[in-house]
Amino acid sequence: MGWLWAIIVGFVLGLIAKAILPGKQQIPLWLTTVFGILGSVLGNAVATWIGVNDTRGIDWTRHLFQLIGAVAVVGVGDMLWASIKGGRQRA
């Protein structure tokens with residue numbers, strides 16, 4: 001069940017990250033989900049590192065770090081995807 005939640009959260013965070021980033025991202029939906037999962041893991045690691053990963057009630061700070069991580073990973077991943085895809089089209 002943990003993997004299912006990771007996929008769902010990654011999908012939602014990836015879509016929100018794509019909506020926050022300016023312009024049109026060229027990455028496919030499956031890669032958006034993977035980048036959202038990676039951003040969530042990154043956000044959890046940062047929240048654990050600063051000590052706010054487990055609080056009473058809703059962990060708003062942890063969720064904010066997850067979203068920031070997803071935005072960063074989707075942004076960098078989109079640039080990498082565009083450079084790889086652009087390089088293949090020229091050949």
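A polar contact is a pair of N or O atoms within 3.5 Å, where, within protein, one atom must be able to donate a hydrogen and the other to accept it, and residues adjacent in sequence count only if both atoms are side-chain atoms. The model described here is predicted, so that local features need pLDDT of at least 70 and side-chain atom pairs count only at pLDDT 80 or more, while totals for chains, interfaces and linings use all residues. Residues are numbered from 1 along each chain as its sequence is written, and side-chain values use heavy atoms, with hydrogens and water left out.

Q25 sits in the loop between α1 (2-20) and α2 (29-50), helices being DSSP runs of H or I of at least four residues, numbered from the N terminus. Its polar contacts include the following pairs.

| Side chain | Partner atom | Distance |
|---|---|---|
| Q25 | backbone oxygen of P22 | 3.4 Å |
| Q25 | backbone oxygen of G23 | 3.4 Å |

Q25 counts as buried because its relative accessibility is 8%, buried meaning under 20% relative accessible area with a 1.4 Å probe and protein chains only. Leaving aside residues up to four places away in sequence, Q25 touches K18 and D78, where contact means heavy atoms within 4.5 Å.

In α2, the buried residues include L31, F35 and A47. With the same sequence exclusion, F35 touches I27, V73, V74, G77 and D78. The 22 residues of α2 should span 32 Å at 1.5 Å a residue, and the end C-alpha atoms are 31 Å apart, which agrees; the expected span is 1.5 Å times one less than the number of residues. After α2 comes G51, with a positive phi near 90 degrees.

Methods:
Helices (H or I, at least four residues) and strands (E, at least two) are DSSP runs, numbered from the N terminus. Buried means under 20% relative accessible area, exposed over 50%, partly exposed in between (1.4 Å probe, protein chains only).
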